[in-house]
Amino acid sequence: MHVSALRRSSIAAPEPPPAGTRRRRAGGARRLAVAAPFVLPSLIGVAAFLLIPVVIVLVLSFVQWNFLTPPRWVGFANFSTMVQHDHIFHALLVSAYYVLWNIPFQTVLALALAMLLVRKMPAMGLFRALYVLPYMSTPVAMAVVWSWLFNAQNGLINHLLLLTGVHGPDWLGSTSTALPVVAMVNTWQYAGYNMLFFLAGLLAIPPQLYESASIDGASAFRQFTRITLPLLNSTMLFVLVTDIIGSFQIFDTVYVMTQGGPGNATNVINYQIYQTAFQNFDVGSAAAMSLVLFAVILVVTVIQFRFFRSRITYEIA
């Protein structure tokens, strides 16, 4: 009986892994040990400044808290209260209006600058650096400068218009011009930055394609629509996704130049979140608005990826 038990245990015992498998596992462990010191700082940064704040915002959206009293669990009350008031929808509409003002002009201007600067001409490196300089400046500092330029009484722009006999409007005090002015400032600051991506995409297109098209008699416009734009689709996707996300998150320029006014003409969703959390001391509702903003950005981003999915060319035969 003891012998049969030994036989059963020997039959049931698993076979050791092959030597090759053990070597691969040991090699993978060594590579992980070598890579860990380089990867851990980034993982810690992502966890500390991205994952943990997201979890905190998710939890705060279900509580009522005013920074003074202990948080109180209220479930979905913050979301239901938010739906009953129209300020969140108005802020989303203002943000969408801002995106429509900002993205088309910014993208077209960046692509036009890239088309001009891709040519081999003297001092092109200097011009490329000059167009990127606005991006290197802080948005708050630039907003202060532009606020002075568009000042209705002492601004340089109205002063120059007055020299030609034209009385300039109250740019930042009118509901019809305040948001376009803020969008123009953002376009001025980030068009040169986006130009770099389009410039890199243009330089990656083989010049032989344009030479062949010229031999076939294709006009410059046809070359642009048939060669340049299709081969820039991947760059266009990146620029549009990042720019639209950044436009929905605009805050500093609005805070400095208009404070959401006049009225609520520039009260974008991020500024509404700021007011709700730090002026009205309703942290739970502000967190719920942040989740709504995240959902809107996610939907818009998914739509963009689905639109460009079948239009991106990664290889050139």
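## Burial and helix α13

A residue is called buried when its relative accessible area is under 20%. In this predicted model, the residues of α13 that meet this criterion are Ile269, Asn270, Tyr271, Gln272, Ile273, Gln275, Thr276 and Ala277. Because 8 of the 10 residues of α13 are buried, the helix is largely enclosed by the rest of the structure.

Four helices take part in this enclosure: the buried residues of α13 pack against α4 (87-117), α11 (233-248), α12 (252-257) and α14. Helix α13, spanning residues 269-278, also contributes to the lining of the largest pocket, which is described below.

## Overall architecture and confidence

The protein chain contains 14 helices and 2 strands. Of its 317 residues, 34% count as buried. The chain exposes about 19600 Å², and carbon and sulfur atoms supply 70% of that area. When contacts between residues at least 6 apart in sequence are considered, 66% of them join residues at least 24 apart.

The average pLDDT of the chain is 88, and 89% of the residues score at least 70. Residues 5-11 have a pLDDT below 50, and this stretch makes 0 contacts in the model beyond near neighbours in sequence. Where pLDDT is low, the predicted coordinates should not be read in detail.

## The largest pocket

The largest pocket has a volume of about 630 Å³. Its lining comprises 23 residues, of which Pro53, Val54, Val57, Ser290 and Leu291 are the closest to the pocket centre. Two or more lining residues come from each of α2 (19-60), α13 (269-278) and α14 (283-308).

In terms of residue class, the lining of the largest pocket consists of 21 nonpolar and 2 polar residues, with no charged residues.

## The second largest pocket

A volume of about 420 Å³ is computed for the second largest pocket. Met115, Val118, Arg119, Lys120, Leu202, Leu203, Ile205, Pro207, Tyr210, Gln223 and Thr228 form its lining. At least two lining residues are supplied by each of α8 (178-203), α9 (207-215) and α10 (220-231).

The lining of the second largest pocket includes 7 nonpolar, 2 polar and 2 charged residues. Charged residues are thus present in this lining, whereas the lining of the largest pocket has none.

## Buried positions: Gln189 and Phe150

Glutamine 189 belongs to helix α8, one of the helices that supply residues to the lining of the second largest pocket. With a relative accessibility of 2%, glutamine 189 counts as buried. Apart from neighbours within four places in sequence, glutamine 189 is in contact with Pro134, Tyr135, Ser137, Thr138, Pro139 and Met142.

Phenylalanine 150 is located in the loop that connects α6 (139-149) and α7 (156-163). Although placed in a loop, phenylalanine 150 is buried, with a relative accessible area of 6%. Leaving aside neighbours within four places in sequence, its contacts are with Ile157, Trp171, Leu172, Val181 and Met184. The C-alpha atoms of phenylalanine 150 and proline 169 are separated by 9.2 Å, with the two residues 19 residues apart along the chain.

## Backbone features beside α13

The loop between α12 and α13 holds both glutamine 259 and proline 262. A cis peptide bond, with omega of about -5 degrees, joins glycine 261 to proline 262. Glutamine 259 has a positive phi of about 50 degrees although it is not a glycine. At 43% relative accessibility, glutamine 259 counts as partly exposed.

On the other side of the helix, phenylalanine 281 lies in the loop between α13 and α14. Its phi is near 55 degrees, again a positive value in a residue other than glycine. Phenylalanine 281 has a relative accessibility of 44% and therefore counts as partly exposed. The loops that precede and follow α13 in sequence hold these partly exposed residues, glutamine 259 and phenylalanine 281, whereas α13 itself is largely enclosed.

Key
Residues numbered from 1 in each chain as written. Predicted model: local features only at pLDDT ≥ 70, side-chain atom pairs only at ≥ 80, totals over all residues. Heavy atoms only, no water. 1 Å grid on protein atoms, 1.4 Å probe; cavity = no way out; pocket = protein on both sides within 12 Å on 5 of 7 lines; lining within 4 Å. Points joined across faces, edges and corners; volume = space filled by probe spheres on them. Nonpolar A, V, L, I, M, F, W, Y, C, P; charged D, E, K, R; others polar. Buried < 20%, exposed > 50% of the residue type's maximum accessible area, 1.4 Å probe, protein only. Contact = heavy atoms within 4.5 Å. Areas by Shrake-Rupley, 256 points an atom, 1.4 Å probe, with all protein chains shown as cover. pLDDT = per-residue confidence, 0-100.
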